Amino acid sequence: MSSSLAMVEALLQEFHQPATPNIRKREIETELIAFRGQTSAWQISLQVAASIDTNPYLWFFSTSTLEHWISRRWTHLTANEKTLLRETLWNTYANLSVANVPRRQRDTFAQLIALIGKREFPDDHPNYIVHCLELVRSEKFVLGITLLRITSEEVLSNRDCVTTERQSYFHSCISMCIPEILDLLTKYLIITVYHINEKDIHSLSNTLVDYALTTSLPNDNQLSSSVLELLTCIQHLVSWTRTELISEYFLMSILDLAQWRATQPDIPLAALSVLNELMYLQKPLPHALTVMTGVNGLLEQHNSTKHQSEIYTDKFRELLRLYTDRYWSKMVQQNELLESFLKSLYCFTITKNGALDFMEKLEIWSPIIKGLTLSSKQNRYNDVLYQLVVEIMRRILFEFNKSELELLDNELIEENTQTEWQQFLSQCIECIALVGESRPNAVFAQVSAHWSRPHVYLLSLENDLDNGKLYDLGRKLKCQTFNEHLRDLSTVCQAVVRLSPLLDANSPEVGAEVTSQLKLLSENLLTLLKFFTSNKVATLNLDKSTFQTDFDYLYAQILMALRSILPMSINLKCDVIHSLFDALSVILLPGNITVAPIVAISGSQLLLCISTVIRPKRLLETLFVTQLMQAGPKLTYLPRQAITNICISIIGYLALPWKTIEEQQQDCTSRCNHLCEYVKCQSQNFLELDAQASISKISSIMPTTLSIFSEVVEYFKDSCNTTKDMLAIAFRPVITKALMLFNNFGISNNAISISAGEFSLSILRSLLNQFGAQFIKDMITLYITVSSREQLSLNQLAVLEKILQMFQLVVQQPGNTWTTMLPSILSFTIEQVLPFVHQHDNSLVDGTDLSSVVYTLFDCVLLHKWQYFYKPHVQYNGSLLHTSSDNLHPEHFMAILNAYGQVLVSGNDPNLVRKVLLSMQTVNERWRLFQRALFQDSLLASFQRALINRLLSGEGSLHFDLLANVLYAMGQVDNLKLRESFLTAGFPVNPKHLDVICLSTDIPTFSQKLSQLIQDAHSLHLTQT
């Protein structure tokens, strides 16, 4: 024994030497694993583990060896060996010195004892819990509480090395002891409260507390660490025990301990963790009034106490968020409690502790605001909500909160993300909007009231410019307050944009007031817009780098604010459209000072709103729109999104019906001609391309033109048929040219093939019926023919994906017209694309995207074109329409399902596995796939084995519900085959258990028994290896 121990110790020392190479470390690992498997390994390890002062490397290796033997080789030990192992561990643990032994080693010992208890309690070790509680009551309180906590953890731990039957039995046996355990822990909580608050414990009735327990939890310098262990244990216990067992004294004690105490900061943190755990439970908690009163007391104490730690404030904020979400329905029934809570919560919210802290505090208000909106008592608490809006506005404006706002980071780290400043602003404005949903007009007035100060400041700049006060102007522009005024005005504009859709201008009570507010705001916005479009600041000879970003952002926000109130302001529609066009001409037309991209995009969005939402009849007669149409392809200096918006605006005006104009006066013929001319003008360079054009020229023109047209066509996807008819006429030359170029150059050139595929896909999504079946069939045939001319390669993944998406759209169309295309679609996909996917799926990052599209297409074929495989009979029999049993295209049917089976057998992409399982489940529910003779005879047994093997694999739990559902549906077709499949998979289980699964008549029973079977199979495998 000593030689083996010396060898292990030497190996461990060598392994942890920095100079030991990785190859040697792997060899050492192999030798240590071999030692662990020796029959004497557990006895040697037990001897080492009992000696706490041993080399730490050797000690932890020995305890891990013991864990291996307990977890995986327990059945290999004799009864005497089990008793020796248990008694040695218990005796060693009970004699540990709490003060001298590190917590990690205590936890390791407790873990080993709990693992044995999980296998022996109560049959072979009936006194396990009794010994735990005796240890708690003794002077080794910490050891007892630690063992109790780890035992609780084992109750929830689903280790593969324990059968589900044993796990369930252990859970139920420990549950029977919980009333006694909670009663004891409640008494310790009461003692703790009296010790912490320095009260005489003997003043309590002996019915509430056992005075003898004070000896195991003395009021000395170890109290804090003991209480932390107690609260940590309680936190885990309450996560799974029945909540009705929790007493009122238990809750009162936890709430008391959760109060901030600067001398013992760790205790309130641990108590808050217990409360948060209770709030997270999806079970009703008893003694609601006690909880509500206690949380109110905590909130009042928090408001009156200073210098809480940041961690405590974070946890307390989390408690309030969980509490308001869970207890709102009960709070609203207690008027006095609610009123007190809202006042205290408001004081808590407005306490300055940083902008991000304030943002997170606003989350607490969300369930309250929503609840008050639905409550009949909402008017009673209007004042506190209006005060909250006032406070939010003060916190997001530099005028009132410069100290916090200037600390927020406004630098964009990654694209498509928000800066710290933007995130703070967005969430604050969303909270204002939440209040505004039930009180839109009043909240809008509160927000608009903050307009005047920064507005007047900007007007003073214009006045300085007009009066030649360039020195005063330069001083203002260089001052930091200029940026702050810009940001404040941007903030108000952003809030206006968010609140405008909520306004009710038709309200009989306040409609006139809202209209007046909108009119005043519109005038102010237009005044500012004229100042910005005058470009007076841009022409100044001074350094603008310090304010240019904020200046441009405000410029864009003014345009967005105008866009948001435009549909609601009748006066603005009638009187100021031309003024807006004057401003937009400065922003969008060539020949002017180039504006920032964000301004150009906002201007194009305003134009889009006028064109597609307002839709004035005489738009084409305005000089600005005429110039914009004539500019056509010359707008390349604008951002691509702005160019697209302009194109949509003009096409929308020409194709969408004018509002409030009768159909006879819509002048569709003339407008269609204008539309064709405009599209021709926009695509002139593209339409002039032919086979003689150089590839570089085509590659530079085609993607740019067609990408914009793709967005344009898809924008009108849900428009009326009249509009779509006009678009089809206008874009027919464009799609024809795109297909011609694709035919000429094939799929080898990505720029040409991808742009053609993207535009064709947009045509199919939006204008399929308008182009007609024959045109679409010819287009699909062309794509198949061209793609089949040459060998598929890796750089064609993107265009292949688009072609398959086209197939999918065609397959989803109702009726038999499109069924005639299925043979060529499926032949191309199965014979060319599917082998390509299988060949490259493991070596390509993009391969899984193509795979996903392939299997989505297969799913669409099975769901939407089932008649391609099975011809329905029209005979009426009872309430069912029967389909024929003969498969019309077995080669394609079998190819699709074999591809499904391949994914289940060897697929590495979990998303693809899920897609296949969902498809099989849906197809079976709609068309009874599993009952078809061809499936039963050729595929059923193979699929059952594949599903069972997938369940047994590492990621089986990831798709367990879907796998169980599909397997259950197959078992309903033939439960004998299902039983054979389980036996073929090598399940060494009781046949009676297998019969229960295979004969289950409902999915919950089947899933539960299947889960147990899988876990037992894993357990048996682990304990036998």
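User: Why are helix 30 and helix 33 oblique to each other?

Analyst: Two packed helices are described by the angle between their axes and the distance between the axes. In this predicted model (local features need pLDDT of at least 70, side-chain atom pairs pLDDT 80 or more, while totals for chains, interfaces and linings use all residues), helix 30 (residues 640-655) packs on helix 33 at about 45 degrees, the axes being 9 Å apart. That angle falls outside the classes roughly parallel (under 35 degrees), roughly antiparallel (over 145) and roughly perpendicular (65 to 115), so it counts as oblique. Residues are numbered from 1 along each chain, and side-chain values use heavy atoms, without hydrogens or water.

User: How are the helices and axes defined?

Analyst: Helices are DSSP runs (H or I, at least four residues) numbered from the N terminus. Axes are lines fitted to C-alpha atoms over the stretch in contact, with angles from 0 to 180 degrees between N-to-C directions.

User: Which hand does the crossing of helix 30 and helix 33 have?

Analyst: Helix 30 crosses helix 33 in a right-handed way (near helix turned clockwise from the far one by less than a right angle; left-handed if anticlockwise).

User: Which residues of helix 30 and helix 33 meet?

Analyst: On the helix 30 side, look for Arg640, Gln641, Ile643, Thr644, Cys647, Ile648 and Ile651; their partners in helix 33 are Ser707, Ile708, Phe709, Glu711, Val712 and Tyr715 (contact: heavy atoms within 4.5 Å). This contact has 8 nonpolar, 3 polar and 2 charged residues (nonpolar: Ala, Val, Leu, Ile, Met, Phe, Trp, Tyr, Cys, Pro; charged: Asp, Glu, Lys, Arg; polar: the others, Gly among them).

User: What angle do helix 33 and helix 35 make?

Analyst: Roughly 15 degrees, with the axes of helix 33 (residues 695-715) and helix 35 (residues 750-771) coming within 9 Å. The two are therefore roughly parallel to each other, and their crossing is left-handed. Helix 33 contributes residues including Ile698, Met702, Leu706 and Phe709, and helix 35 residues including Ile752, Phe759, Ile763 and Leu767. By class, the contact of helix 33 with helix 35 holds 12 nonpolar, 6 polar and 3 charged residues.

User: And the backbone: where is Pro122 found?

Analyst: Pro122 sits in the loop between helix 6 (103-120) and helix 7 (128-137). Phe121 and Pro122 are joined by a cis peptide bond, with omega about 0 degrees.

User: What is phi of Glu198 near?

Analyst: Near 55 degrees, a positive value in a residue other than glycine. Glu198 belongs to the loop between helix 9 (164-196) and helix 10 (223-237).
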